[in-house]
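Here is a short round of questions and answers. Each answer sets a value against its definition.

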Amino acid sequence: MSRIFADYVEKAKIILKNNWTGASTKPAPSLYPHQWNWDSGFVAIGKSHYNTSQAILEIERLFEAQWANGMLPQIVFDPKALGHYFPEPDFWEMERSLHAPVDKLTSGITMPPVHAIAVEEIYQNARQQRRILPFLKRIYPKLIALHSYLYEERDPEKEGLVYIRHPWESGIDNSPTWDIPLMRIKIDKATLPDYTRKDLGHGVDSSMRPSDEDYDRYIYLVDLFRRCDYDEACIRESCEFLIQDPLFNSILCRANESLARIAEVIGESPDLPQSWSKKTSAAIRKKLWHGEHGIFDACDLITGELIEIDTAAGFLPLFAGAATREQAQIIYERLNSASFCGLHQGNCFTIPNYDTQKEDFDRLNYWRGPVWININWMLANGLKRYGYTLKADSMRKDLLQLPIRFGFHEYFDSFDGTGYGSDNFSWTAALFIDLVEEFYESEEPGFELKKLAKSLVSRGQVLNSGQKKPEIQPESLAAELMKSIRSMKDSYYDTQRGLVDYERLRQSPEFQHYRILTNGLKEFNPSHLKSRKEKLAFWINLYNTIVVDGIITLKIKNSVKEAPEFFKKIKYQIGDTLFSPDDIEHGILRGNVRPYFRLIRQFGPGDTRRAWILKPVDPRIHFALVCGSRSCAPIDYYDSERIDLQLDKAAKSFINSSEVLILPEEGKILISDIFRWYEKDFGGRGGILDFIFNFLVDDKAKEFIRKERQKLKIEYLHYDWNLNR
Ligand code: 2M8
């Protein structure tokens, strides 16, 4: 793990340690003094990286309170902490239920079933996976019982969609989606049991919490459940709040995938969870899709209609892989708009829980506007699943910077980042740890693959050594090559998502044609390139495509690191000389400087390639040269006519991504290693700061750099070499 985040990770661990009660973790020091259902799932995910046994205990303690019918309660009360929360066991009266455990104190509702996902993470992140198997075997039947309960008791029509029967079951308690169904419930104060809220105070402003009208209805529903003795059929008949929620169902669907994989690990059949997953995923995309709004909405089972209120919950089917590609694209447009804080918008943190353009959007109020770390953690994973890596990365940037800058709060202001709700919040701390781990996770290529790649490139490999020549004049070659790169880009590069479809490209006629054209480079003379813009576009495009060509030719799976000295060893012959990506970058585009880590200049004295050196250096090239890794530029085609604008765009993208974290409260900025390696190209420290300043979109961040430029500390973020597949 990077040293850079080490102090913050330490802070996060201390929060989790202080909230640890001896066998489980409370969500927050005073506001939530017991064990909460999905909070424990998120906590276990964070702890899986450094304390496997506590992560296991967290989950096992929760499941010890599982009801006999499989329901996993929303709260497991700590007998020693009673008296500070409402409602507690004296109000829930769970002893009325035939299913409630006799030796545990619980509430009588459930929450989104994230637990199989957490269990899979515990297994994946364990140093000795073999030692986790007994836990997997113990917990598996309990997870199956939980999911079976949901499908048996909460899906009466066997649609594959389960309903929630209380807003607290959704985890997003006072989401605007619940307003209509909740307010439909007419409250008769005379028959509503007496109660006193205990959630106000604890240093939290009451305007940020659910209203009294909401609470009346929460309590009315609890009273109804206990009057039914927690019998599901009775509740179903009398409850006016029965809702198929996209968030709950997406989590269930995603958890089924984990459950199926856990089954395989312990030698059980994955058929049941797989069939659940398939059914729920199909039902989500059919029944919960609101075509006109371009988002998934909850379905109110009392009216049979979709509730036309769009919140971040409507994006969660991405997490489950339940949306079709077309739906995902439509959702993406919505998610990435001003409504939910678009990419590089600059004045907001992505993504708020509710549409910022709606009149009732409330930036301070709980689930009616602020940014929540758990929802965004799931959404960033969902976006990555569909390949929207740029957006996923910008979310990760916010998920990392919000706790660092504003504290490990329960939720955050989507515009200025202020932390609200309880401080020292467990899932914020836990998921922060997971995000930092993910940020630096590097895939070690397999031994065999390494050996193969090494033998291929040990002497350098000329990629354009084929005999078949293109039937064109050498002076038209540059234009033809650029045309060919452009056609590959149109069909196989996803510039919005910054990805290349290497498998399809490898077999495509466009790639075969490109390879033939590269053979013609042997007769090409770069003096055919006239203007600076033409030269810049030619060399950048050639650099980017030799990298793609190299990845395809060397059959690279995960990272260019699989082929030692990749950027030095793959080459194109141009005229009589050879050019590697390093030659193009350090020799031509960087004005023949000494590359970082090397003692001599790229082209020595007398090297004929010196004739093509481009000066002065344009530092924006560093955001246009694609190196097949996450931290590098998203791949694009550069056009000599528009190259200035395109280079600006590339630089802007990078400067506003997670590669540049501005932390005014800490008096420092964390920036990509690229700036350290190429400091000279930017004109030293001052030049780097000017460059960042010019491309930043966030006014407050700019102001910080302007004011503090002498004093601010610069730290460098590690580079990620994983492939932009
Ligand atoms: C909040 O909900 C509880 C009731 O469950 C409350 O407001 O008293 C929600 O944010 C929920 O998602 C969370 O699990 C719980 C504890 O963090 O607090």
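Q: What makes the approach of tyrosine 32 to the ligand a polar contact?
A: A polar side-chain atom of tyrosine 32 lies 3.4 Å from an oxygen atom of the ligand. A polar contact is a pair of N or O atoms within 3.5 Å; within protein, one must be able to donate a hydrogen and the other to accept it, and residues adjacent in sequence count only if both atoms are side-chain atoms. So the tyrosine 32 pair qualifies. Glutamine 74 has a polar side-chain atom 2.8 Å from a ligand oxygen, and for arginine 209 the distance is 3.0 Å.

Q: What kind of model is this, and how are residues numbered?
A: The model is predicted: local features need pLDDT of at least 70, side-chain atom pairs count only at pLDDT 80 or more, and totals for chains, interfaces and linings use all residues. Residues are numbered from 1 along each chain as its sequence is written, and side-chain values use heavy atoms, leaving out hydrogens and water.

Q: Why do aspartate 199 and arginine 209 count as a salt bridge?
A: Their side chains meet at 2.8 Å, N to O. A salt bridge is a side-chain nitrogen of Lys or Arg within 4 Å of a carboxyl oxygen of Asp or Glu, so this pair passes. Both residues are buried. They sit in the loop between α8 (179–183) and α9, 10 residues apart.

Q: What does the salt bridge between glutamate 93 and arginine 226 tie together?
A: This bridge spans 3.6 Å, N to O. Glutamate 93 lies in the loop between α4 (89–92) and α5 (115–125) and arginine 226 in helix α9 (residues 212–227), so the pair ties together parts 133 residues apart in sequence. Helices here are DSSP runs (H or I, at least four residues), numbered from the N terminus. Both residues belong to a salt-bridge network that also includes Arg96, Asp223, Arg227 and Asp229.

Q: Why is arginine 226 called buried, and glutamate 93 partly exposed?
A: Buried means under 20% relative accessible area, exposed over 50%, partly exposed in between (1.4 Å probe, protein chains only). Arginine 226 has 9%, so it is buried. Glutamate 93 has 22%, so it is partly exposed.

Q: How do you know that lysine 47 has no salt bridge?
A: The nearest side chain of opposite charge, glutamate 58, is 4.8 Å away. The salt-bridge definition asks for less, so lysine 47 has none. Lysine 47 is in helix α2 (residues 37–47), and it is buried.

How values were computed
Helices (H or I, at least four residues) and strands (E, at least two) are DSSP runs, numbered from the N terminus. Lys and Arg count as positive and Asp and Glu as negative; His and the chain ends are not counted.
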